[in-house]
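User: I'd like to go through the ligand site and the empty spaces in this one, and hear how each label is earned.

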Amino acid sequence: MAEEELIQTPKGMHDQMPEDCAYFSRIENACRRLAKDYRFDRIDFPILENAALFKKGTGETSDIVEKQMYTLRTKSGEILALRPEGTPSVVRFYLEHGARTWPQPVKLWYWGPFFRYEKAQAGRYRQFHQFGFEVIGGADSTLDAQVINIFYRLLNSLRIKDLTVEINSIGQLAERENYKKALVKQLKKNQSDLCPDCRRRLTRNPLRILDCKEATCQEIVRQLPHVVDYLSPECHQHFQEVLELLGELNIPYRLNPHLVRGLDYYTRTVFEIVQTNDEEKKALVGGGRYDRLVDLLGGPPTPAVGGAAGIERIVQAMKESGRRVSYREKPEVFIAQLGPAAKKEAMRLFEELRQRGIKVAEAFGRDSLNAQLKRADRLGVKYVVIIGQKEALEETITLKTMSTGQQRLVKRSQAVSLIKKRL
Ligand code: HAM
């Protein structure tokens, strides 16, 4: 008979192993704590959204929408997309639920899976997870600094090493248009040396050329003018304030004049938190101010700022920083049983010990006492409770102290409190 081929996960998607789930929980706990301290409320929103949300919000010419969005047509003809990022959804949420009437700014955070049809490679997946912190309804530079601060503190609390905040300001739309014109003018001189993607970007979205990874394009980019030189005095002042606040907060940052970020909605501050080692630079967090997005999605002009972090990348960074998260608690007591009556009693005792907060292990599926004791030994428990037929009948247990090998008979009615006292 021909063997059936095993069906595996789709390319770029992966299962989460128990160990990874433990890292995820640790990170989520850290997020919860910071969200509470900085007064951000948690929201969730659908994984499927109208594709138009991202076309209008993230931007028709962004790589995310142009190349990476998973879209589908439902039976009734709606065009939906698997969410490639969270910011447009948060703004949709803000508008749909009348959050404009809530005290401003509205501070929200989220956590969940996102989807991008990327070239699958290390640290870049087609299904990945992000958490994001967004502040809608405030233009003050302190909010930009607070968002960066939250992500930085969070990564620090997870003891991730070699972090740098890279920051830039890309100004408002009009300033950026002037900058784009200057870029195109300069780039046209070297057009033939650009990679095919960038040649296309030259007419569609020239800012994207600034973060092209091709060596020839990077060489050209180095000679290009800087966007900060095109900022209005107000934007300059705002950027200056953000930098001063980061200094105040002792956050090390590096000005990156070519950081523009791949999404169309950004204005003024843009930032990434990167982990750099000898071989590579990896973005763990990306974000910035998006004063245009509420407007783009049909609301009144409303300033906003936020960021999102890649959770798989944080897990990887934690592992590389030597940060271990154990996914199984070490048990304190093991219950071994022999015979049907003893097994029932052992199950009852397990429940009682568990409810008193004692970490208990068992191997109820095994009948050989020897095998059970071996398991207890391997788990490194302090005590083993042995319940045989005799103990079950006489309402006793045998309590074995593993460090000394000593055994004593204890009344069943006193077993739980005695074990609790000894631990
Ligand atoms: P982003 O830079 O596209 O920004 O994504 C944020 C982070 O998500 C990245 O720094 C990276 O760690 C992670 N990430 C992105 N794509 C992948 C992938 N294919 N595989 C693994 N990790 C990935 C945004 O998504 C914006 N919504 C951030 C934002 C929030 N801006 C303002 N508010």
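User: Which part of L284, backbone or side chain, lies 3.1 Å from an oxygen atom of the ligand?

Analyst: The backbone: one of the N or O atoms there sits 3.1 Å from that ligand oxygen. Keep in mind that this is a predicted model.

User: What makes that a polar contact?

Analyst: A polar contact needs a pair of N or O atoms within 3.5 Å. The L284 pair is at 3.1 Å, so it qualifies. A polar side-chain atom of E134 is 2.8 Å from a ligand nitrogen, and a polar backbone atom of G307 is 3.2 Å from a ligand nitrogen, so these pass by the 3.5 Å cut-off too.

User: How do you know how much of the ligand the protein buries?

Analyst: Compare it with the ligand on its own, which exposes 660 Å². The protein buries 95% of that area.

User: Which elements give two or more residues to the shell around the ligand, and which gives the largest share?

Analyst: Strand 6 (127-136), strand 10 (281-289) and strand 11 (304-310) each do. Strand 10 has the largest share, with six residues. The ligand is surrounded by 26 residues, and the closest are E85, T87, Y125, E134 and Y266. By class the shell splits into ten nonpolar, nine polar and seven charged residues.

User: Why is the space lined by T61, D63 and E66, among others, called a cavity?

Analyst: In a cavity a 1.4 Å probe fits but cannot get out, and that is why the word applies here. About 80 Å³ of space lies in the largest cavity, and the structure holds one cavity of 30 Å³ or more. Its lining also includes D197, R200, R201, R204, N205 and R208.

User: What makes the lining of that cavity charged or nonpolar in character?

Analyst: Asp, Glu, Lys and Arg count as charged. The lining has seven charged residues, two polar and no nonpolar ones. Helix 7 (196-204) and helix 3 (63-66) each supply at least two of the lining residues, with the largest share, four, coming from helix 7.

User: And why is the second largest pocket a pocket, not a cavity?

Analyst: A pocket is an open set of points, so the probe is not trapped. This one holds about 250 Å³. Of its 21 lining residues, R176, K180, N205, D264 and R292 are the closest to its centre. Helix 6 (173-189) and helix 2 (51-59) each supply at least two of the lining, and helix 6 gives the most, with four. The lining comprises nine charged, seven nonpolar and five polar residues.

Note on methods
Residues are numbered from 1 along each chain as its sequence is written. This is a predicted model: local features need pLDDT of at least 70, side-chain atom pairs count only at pLDDT 80 or more; totals for chains, interfaces and linings use all residues. Side-chain values use heavy atoms; hydrogens and water are left out. On a 1 Å grid over the protein atoms alone, a cavity is a set of points where a 1.4 Å probe fits but cannot get out, and a pocket is an open set with protein on both sides within 12 Å along at least five of seven lines; lining residues have an atom within 4 Å of a point. Grid points are joined across faces, edges and corners, and a volume is the space filled by probe spheres set on the points. A residue is near a molecule or strand if one of its heavy atoms lies within 4 Å of it. A polar contact is a pair of N or O atoms within 3.5 Å; within protein, one must be able to donate a hydrogen and the other to accept it, and residues adjacent in sequence count only if both atoms are side-chain atoms. Accessible areas come from the Shrake-Rupley method with a 1.4 Å probe; for residues, only the protein chains shown count as cover.
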